[in-house]
Amino acid sequence: MGVVDHSMPQSTPTEIRLPLLTQLHEWVVTVDHKCLGLMYICSGLVFFAVAGIEASIMRWQLAFPNNDAVSPEVFNRLFTMHGTTMVFLVGMPIILGLANYLIPLMIGARDLAFPRLNAFGFWLFFFSGLLLYFSYLGGEGLAGHGTAPDVGWFAYAPLTGRAFSRGSSTDYWTLSLLVGGIGSIATSVNIVTTVLCLRCKGMTLGRMPLFIWLLLVVAVMLLLAMPALTAAQIMLLLDRYLGAHFFDTQAGGSAVLWQHFFWIFGHPEVYVLMLPGFAAASEIIPVFSRKPIFGYPAMVGATVSIGFIAMGVWAHHMFTVGMTAMGNTFFAASTMLVAVPTGIKIFNWLGTMYGGKIRFATPMLFCTAFLFQFLVAGLTGVMLAVAPFDWQLSDSYFVVAHFHYVLIGGLLFTIFAAIYYWFPKATGRMLSETLGRWHFWLLVLGFNLTFGPQHISGILGMPRRIYTYDAGRGWELWNLLSSIGVVFQAAAIFFFVWNVVQSLRRGDSAGDDPWDAWTLEWSTTSPPPPYNFETLPEVRSRRPLWDLKHPEDPDWRHE
Amino acid sequence: MTHPRADALPATSADWTLPSRSRVGVICLICTEAALFTIFAVAYLFYLGKSVSGPQPRQILEIPVWSTVCLLSSSATIMKAERVLRRGFVSRFNLWWLLTLLLGAEFLRATASEWHRLIFTNNLTIGTSLFGTTFYSLVGFHATHVTVGVILLALVFVLSVRGYVTQGHTERVETLAWYWHFVDAVWIVVFTVVYVVGR
């Protein structure tokens, strides 16, 4: 019995148009991992647009010295909402959406282990997003006009205390993250269980696609790190509503403890966001280089060690707090250590491309740019790991540039790569290569133009989160360039949206396996039927579809 | 595309068995809950002796011997219940299960009376001092988990009395038992932190 059942009809049966209300009802009650995956990704993209608009307003405000396009209060709300949205309502849902959609297909299963828990996790995320944005209406209670939270995305104590954050805007922030966090934990339980218990016959741990390995590590990290945020949010709620003193410095509470708890979650969270990007790159780069991934065991080992080390680096966000010399040394050393497995990964991706027959289709373009940009992010990361350097540049635009190179240059580019790569599978239509190239080059240009100069304005001493600045400090040019870059990025996103809309309507038909790829999701129809596979596949190597396409030289002879 | 002949392929391992979903799921839940309790326990230890006012732990806390005995022995009774169910003795299962349930409920009653004394006699509330804050949150968080456990135990008991629980449900009962053991294990940590180290 082969892996693929090619006798299955390629075209989906003619669809009967259901009334709109029935269709919506279907989406609300669904427990199918593919529907939930798409709902995650789509709502993530909607929040991405919202947070992008917030960022654009901030760049507009900062384009010129002494500008007052928005008021300082609005500016504080903007950066708080932008950060919170991008991390919790864009990054998390999109990676969980990819995990949802792809894990069962890649391991040859019919759904996640607990489909109803999966739907529960999605709706918790969705309502956490609505809760956060409801603060614009209800932040000060229904009588007054509302405000969004303005305490920054890491909401340092004691600013979040009752005395300094009046009204309920901070409570919306707290509750939203608490609810969303529980949703992420539920989905992580689901992912770990699915990967361990539902693999198809023959798919040993050593034959799992790297995508699955990386998401397994991500889910384990979420299980261990997310509770720190949940606990801290519960403590904050107790402080605000029951008069507890966790972060109340006047009663002996510690503001630094909040920082520890937040970053015990917050730093692993960075890798939680970044590893799925690596996961997509690890699938896409081999397919478009026409070579199996270079150094599979090293990649797995590097992933697990990144996950392990990442749990012990959190206080590098806190060098300026004034820890002991021992603390600084430990966290500087552990942070630098992360660069080793990450470097291994970059070399392995390069090793995969080296000597390969590279096809620069849009997904591969995004992955290639990711390699360069993520390298820059990694290098500035190692610089910031040096505690004395960090004392100089912490809370400056240099840090802003660093983590935007991680999260946009690294994560967003791989997410776009993943969307271009798997869009044909999910919809049955190809995205346009021409529009994809416009999207790609405009985004490369816009992104580097926006965030490259911020390295310099940071070194020149521009603090992050400032509302405006005086002329004559040498920051004008760099800020203007940053703001101009936004225009290109917005244009890039416009091309992306246009591409999706156009391709959904009249894109080329994709067929089952448009990229001549090797993992199991390409063995079923595009889009896959609700049950994914007519007969559950069996695999004998890491590249089951290669075995099937090349019975004369299958992989299992060499593994 | 030509299909390779089935006999040309190496067999995938004949007995392909993977771990059970409910076991892996509950282990994941236990790991994440353990992380959650760790944060609360760390907060308790971090704020030990840092209260600027109010009573100190040594002055008002009494070692809860009775409730500890109840909770820890409930781990043994639930294990016994699980074993007899595995062998198919449903009525004996009901008995051991009920005993577990009662021990859990007694623990909650003992905690409630301890809190009543602390609040009304010793004037310690969550807002009194850091001690009150960390004590009620850590112990209360554990008690919440016991409450959830007792509700689930009661649910299974009602189902069982009505004849819905059979030998075939051993694995599901086992899942709940693991959660219950975990809640007990957390109590050992909470007991050590609050009543031994913290006193």
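**Notes on a two-chain predicted model**

1. Let's start with one small residue. B:Ala76 sits in helix α3 of chain B. Is B:Ala76 buried or exposed? Neither label quite fits: B:Ala76 is partly exposed, because 14 other C-beta atoms lie within 10 Å, while a buried residue would need 20 or more and an exposed one 12 or fewer. B:Ala76 also gives you a handle on how the chain folds back, since its partner B:Thr100 is 24 residues away along the chain. In space, the C-alpha atoms of B:Ala76 and B:Thr100 are separated by 8.5 Å.

2. Before going on, remember that this is a predicted model, so check the confidence scores. For the complex, the predictor gives an ipTM of 0.93 and a pTM of 0.94. Chain B has an average pLDDT of 93, and 93% of its residues score at least 70. One stretch to treat with care is residues 1–7 of chain B, where the pLDDT is below 50. That stretch has eight contacts in the model beyond near neighbours in sequence. Where pLDDT is low, the predicted coordinates should not be read in detail.

3. Now the overall build of chain B. Which secondary structure elements does chain B have? The tally is six helices and zero strands, so written from the N terminus the order is simply α-α-α-α-α-α. The radius of gyration of chain B is 22 Å, well over the 16 Å that the globule rule gives for 199 residues, so this chain is more spread out than a compact globule. Along the principal axes, its C-alpha trace spans about 80 × 45 × 25 Å. Of its 199 residues, 33% count as buried. If you take contacts in chain B between residues at least 6 apart in sequence, 84% of them join residues at least 24 apart.

4. Chain A makes a good companion case. It has 15 helices and zero strands. Its radius of gyration is 24 Å, close to the 24 Å from the globule rule for 559 residues, so chain A is as compact as a globular protein of that length. The box filled by its C-alpha atoms is roughly 70 × 50 × 45 Å along the principal axes. Buried residues account for 56% of the 559 residues in chain A. With contacts counted between residues at least 6 apart in sequence, 82% in chain A join residues at least 24 apart.

5. Have a look at two helices of chain B. Helix α4 covers residues 90–120, which is 31 residues, and reaches 44 Å from first to last C-alpha, close to the 45 Å expected at 1.5 Å a residue. Among the buried residues of α4(B) are B:Phe93, B:Trp96, B:Trp97 and B:Thr100, that last one being the partner of B:Ala76 from point 1. Others include B:Leu103 and B:Phe107. An α-helix has 3.6 residues a turn, so residues three or four places apart point the same way. The cover over the buried residues of α4(B) includes α2 (57–60), α3 (65–86) and α5 of chain B. Helix α5 (residues 130–161) of chain B should span 46 Å, because it has 32 residues at 1.5 Å each, and its end C-alpha atoms are indeed 46 Å apart. Just after α5(B), B:Gly163 takes a positive phi of about 90 degrees.

6. Next, where the chains meet. How many residues does each chain bring to the contact? Chain A brings 37 residues and chain B brings 35 residues. On chain A, the helices α5 (169–197), α6 (210–242) and α7 (255–289) each supply at least two residues of the side that touches chain B. The most comes from α6(A), with nine residues. That side of chain A divides into 23 nonpolar, nine polar and five charged residues.

7. B:Ile39 shows the meeting point from the other chain. It belongs to helix α1 (residues 21–46) of chain B. B:Ile39 is buried, because 24 other C-beta atoms lie within 10 Å. Leaving out residues up to four places away in sequence, B:Ile39 touches A:Pro227, A:Ala228, A:Ala231 and A:Phe261. Within its own chain, B:Ile39 is 99 residues from B:Leu138 in sequence and 9.4 Å from it in space, C-alpha to C-alpha.

8. Last, the core. The largest nonpolar core has 221 residues, and those with the most contacts inside it are A:Leu215 and A:Ala417. Helix α6(A) gives the most to this core, with 24 residues. The residues that A:Ala417 touches include A:Ala280, A:Ile284, A:Pro363 and A:Phe366.

Key:
Residues are numbered from 1 along each chain as its sequence is written. Chains are lettered from A and ligands numbered from 1 in the order in which they are written. This is a predicted model: local features need pLDDT of at least 70, side-chain atom pairs count only at pLDDT 80 or more; totals for chains, interfaces and linings use all residues. Helices (H or I, at least four residues) and strands (E, at least two) are DSSP runs, numbered from the N terminus. The expected span of a helix is 1.5 Å times one less than its number of residues. Two residues are in contact if their C-beta atoms, placed from the backbone, lie within 7 Å. Ala, Val, Leu, Ile, Met, Phe, Trp, Tyr, Cys and Pro count as nonpolar, Asp, Glu, Lys and Arg as charged, and the others, Gly among them, as polar. The radius of gyration is taken over C-alpha atoms; the globule rule is 2.2 Å times the number of residues to the power 0.38. A nonpolar core is a set of buried Ala, Val, Leu, Ile, Met, Phe, Trp, Tyr and Cys residues joined through C-beta atoms within 7 Å. pLDDT is the predictor's confidence in each residue, from 0 to 100.
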